[in-house]
Amino acid sequence: MTTLDSSKEIQKNNSEVNETHEDFRMFGLITFLIADGMTFAGFFAAYLTYKAVNPLPDGAIYELELPIPTLNTILLLVSSATFHKAGKALLKDKNSDSQKWLFLTAFLGIIFLICQLFEYFHLPFGLTDNLFASTFYALTGFHGLHVTLGTLMILIIAWQSRINGGRLTSQNMFPLEAVELYWHFVDGIWVILFIILYLL
Amino acid sequence: MTISIDPQKTNNESLQPKGWLRYFSFSLDHKVIGIQYLVCGFLFYLIGGTLASAIRIELASPISDFMPRDVYNQVLTLHGTIMIFLWIVPVVNGAFGNYLIPFYVGARDMAFPRLNAVAFWLIPPSGLMLVASYFVEGAAQAGWTAYPPLSITTPQSGQIIWILSVLLLGGSSIFGGINFIATIIKLRRPGLKLMQLPMYCWAMLGTSLLVVLSTPVLAGTLILLSFDIIANTGFFNPVLGGNVVVYQHLFWFYSHPAVYIMVLPAFGLVSEILPVHARKPLFGYTTMVFSIMGIVVLGLVVWAHHMFTSGTPPWMRLFFTIATAFIAVPTGIKFFNWVATLWGGKISINSAMLFSCGFIINFVFGGITGVALAQVPFDIHVHDTYFVVAHFHYIVYGGTVFIIFSSIYHWFPKVTGKMLNDKLGILHFIITFIGFNLCFAPQHWLGLNGMPRRVAEYDPQFQFVNQISSLGALLMAISTIPFLINVFLSVRNGKNAGDNPWNALTPEWLTSSPPPVENWEGEAPLVEEPYGYGKEISEQK
């Protein structure tokens with residue numbers, strides 16, 4: 001009985017102090033992405049140090065071809081644009097347009113992953129062949145994990161933006177905005193990774 | 001965009017278990033989570049303390065008679081890891097941060113309550129996993145630093161469990177840090193300015209910045225290390241062309257800031273406790289804030305002072321020596337400010353005050369040896385000796401753990417509504433203070449005379465001093481007994497504390513003890529002068 005009474009009392013208190021506050025989920029996400037970016041920064045720092053002080057041993061093979069990663073860079077940059085389109089469409093209450101753009105973005109993400117795997121299978125070195133091979137697979141693999149998670153999240157919000165019963169509307173943009181920010185972050189990391197791993 | 005707090009939803013939360021059962025539930029209440037962190041951390045402190053006692057028993061004689069050498073290595077690894085990742089970091093950040101920060105910013109809970117509960121519930125499983133690894137194939141043996149190639153060549157299962165456990169604890173720490181930053185910056189009560197916040201908020205803001213910026217680097221490093229162990233890659237394995245010094249750089253990029261993650265919150269807590277028991281405003285509020293931020297910035301660029309014997313090039317030695325010496329400036333400012341806060345105050349000699357003063361004395365010792373260790377010629381002489389062990393125990397035990405006890409004596413009346421027995425508290429302080437100094441002061445001498453750390457056997461000429469040190473450790477073990485008796489007796493039939501037994505001015509004392517579910521009946525109070533002691537009521541706004 002006491003439980004009931006006290007919960008009633010709390011309910012009364014709550015209705016008295018029913019407050020509103022600013023939405024700071026985006027702030028939390030940005031803080032998280034800074035943390036995530038620091039993980040990549042650590043990897044990049046390790047790779048650059050290896051490049052500066054550890055010579056490639058005699059006979060070790062570490063050669064990268066440019067065509068596939070260049071295609072991948074273009075894929076991700078285009079997917080950032082299509083994601084942006086999806087957000088604009090949703091803002092104008094064009095849910096089905098938004099959904100199409102989201103599916104296109106997810107499709108580009110999947111193509112990126114397929115290209116990445118294709119590259120893995122055709123490289124002349126494996127994970128444990130030498131230090132640079134290991135670092136290459138660790139860096140691109142960790143990034144690929146981010147792309148995989150991002151693609152899954154895009155598919156989820158694409159499902160949520162369906163017209164009947166979807167919770168993603170122009171009034172509730174947060175899921176889309178959050179995944180979009182994450183996706184741009186993953187793209188940005190790829191550009192840095194492309195420059196450091198393939199071009200330097 | 002705004003979010004409205006749905007009363008129906010919070011009401012459902014209030015139907016969660018009542019009484020002590022709620023401490024075993026996935027509670028979203030920041031006060032429950034704070035106590036969960038504290039009690040969980042204290043249980044691990046008892047485990048880590050038992051391991052420390054085992055180490056001191058072994059070192060009472062120069063031969064390894066109490067345990068075999070490899071068990072000794074496991075015990076010292078577990079001791080270090082448990083004390084850092086499961087006692088000090090969760091308690092001084094998670095426990096006090098979760099309990100106090102929402103009060104200080106005038107909020108009803110943390111910014112992300114669900115994330116907060118997730119962050120706590122990552123700790124017990126990873127801690128138990130770490131302790132259990134001892135019974136599988138032996139725990140990790142490479143010390144809490146897990147330097148390769150040692151961590152690659154010692155038995156794998158223990159080391160992998162160690163890595164998994166530290167990764168989970170790091171994740172918990174990052175989630176907590178995100179929550180604190182969002183709460184302090186975004187969830188402040190309207191009208192409350194940043195420069196009116198109690199000092200602990202600033203300390204937690206600085207700490208959380210360090211957590212968010214440096215912990216992910218450790219996570220990445222440990223992932224690479226686990227690849228070396230499981231997949232036979234060669235990131236840190238010189239045999240396969242890898243580079244061990246890269247591991248040390250990445251590891252210390254987290255683990256030096258980790259020292260500040262452990263002591264900055266203690267700096268904040270002592271800044272709350274001293275003004276209350278000296279009845280004086282905190283001296284130099286603005287300089288305190290700037291020194292905290294100075295320590296945060298400098299703390300990120302001093303890590304290589306742990307690596308002066310790792311083939312560090314001369315320019316790097318020069319830079320890191322100077323940067324490290326600079327940290328003494330903001331730290332010194334804070335110490336002068338605390339002494340000035342006490343100066344001429346109406347000091348009450350109680351357990352909280354005594355532990356805080358003990359902290360000041362011990363930390364000054366640890367700080368001085370710290371500046372000495374930053375000097376390359378001296379550091380090369382005492383590197384990896386007991387001098388280093390003495391130094392960091394003066395920082396983390398003499399500094400932070402003293403403040404944890406001080407804070408427990410200070411905030412126990414708020415949490416439970418009961419007073420702790422002051423006589424038992426003073427007894428606890430005396431035994432701890434004597435035991436601690438008896439244990440660690442002689443280790444400076446041992447280190448200067450060349451006794452290396454992390455060894456189960458040593459030159460017999462060091463035996464007498466080691467036995468003094470072990471006697472001190474025994475006293476430290478005994479000192480927990482009056483504390484535990486005190487807590488159990490006081491929870492059951494302690495003196496009623498009332499809402500504000502210390503007549504303190506910080507916001508948490510303006511609500512009832514223990515506080516109601518959403519912290520305040522009605523609106524949160526606006527506290528513009530949290531340290532306005534000694535002023536007439538009319539002078540305060």
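# Exercises on a predicted model

In this predicted model, helix α9(B) is largely enclosed by the rest of the structure, because 33 of its 35 residues are buried.

**Exercise 1.** Determine what span helix α9 of chain B reaches from its first C-alpha to its last, and where the helix has a kink.

*Solution.* Begin with the extent of the helix: α9 of chain B covers residues 244–278, which is 35 residues. At 1.5 Å a residue, a span of 51 Å is expected. The model gives 50 Å between the first and last C-alpha, close to that expectation. Next, examine the course of the axis: α9(B) has a kink of about 35°, and W252(B) is at its centre. Finally, look just beyond the helix, where R279(B) adopts a positive phi of about 55°.

**Exercise 2.** Decide whether H79(B) is buried or exposed, and identify the residues it touches beyond four places in sequence.

*Solution.* First, locate the residue: H79(B) belongs to helix α3 of chain B, which comprises residues 69–105. Second, count its surroundings. A residue is buried when 20 or more other C-beta atoms lie within 10 Å of its own; H79(B) has 21 such neighbours inside 10 Å and therefore counts as buried. Third, list the contacts: with residues up to four places away set aside, H79(B) touches G48(B), L51(B), A52(B) and I55(B). As a further distance, the C-alpha atoms of H79(B) and Q461(B) are 26 Å apart, with their positions 382 residues apart along the chain.

**Exercise 3.** Establish how α3(B) and α5(B) are oriented to each other.

*Solution.* Two packed helices are described by the angle and the distance between their axes. Here the axes of α3(B) and of helix α5 of chain B (residues 123–136) come within 10 Å, crossing at roughly 170°. Angles over 145 degrees count as roughly antiparallel, so α3(B) and α5(B) are roughly antiparallel to each other. On the α3(B) side, the contact involves Q74(B), L78(B), T81(B), I82(B), L86(B) and P90(B); on the α5(B) side, I123(B), G127(B), L130(B) and Y134(B).

**Exercise 4.** Name the residues that touch the most other members of the largest nonpolar core.

*Solution.* This core holds 201 residues, and those with the most contacts to other members are I88(B), C201(B), M262(B) and V270(B). Take V270(B) as the example: apart from its neighbours within four places in sequence, V270(B) is in contact with W338(B), S356(B), F359(B) and I403(B).

Technical notes. Residues numbered from 1 in each chain as written. Chains lettered and ligands numbered in written order. Predicted model: local features only at pLDDT ≥ 70, side-chain atom pairs only at ≥ 80, totals over all residues. Core = buried A, V, L, I, M, F, W, Y, C linked by C-beta atoms within 7 Å. Buried ≥ 20, exposed ≤ 12 C-beta atoms within 10 Å, placed from the backbone. Contact = placed C-beta atoms within 7 Å. Helix = DSSP H or I, 4+ residues; strand = E, 2+ residues; numbered from the N terminus. Expected span 1.5 Å × (residues − 1). Bend = angle between axes of the 7 residues up to and from the residue. Axes fitted to C-alpha atoms, helices over the stretch in contact; angles between N-to-C directions. Parallel < 35°, antiparallel > 145°, perpendicular 65-115°, else oblique.
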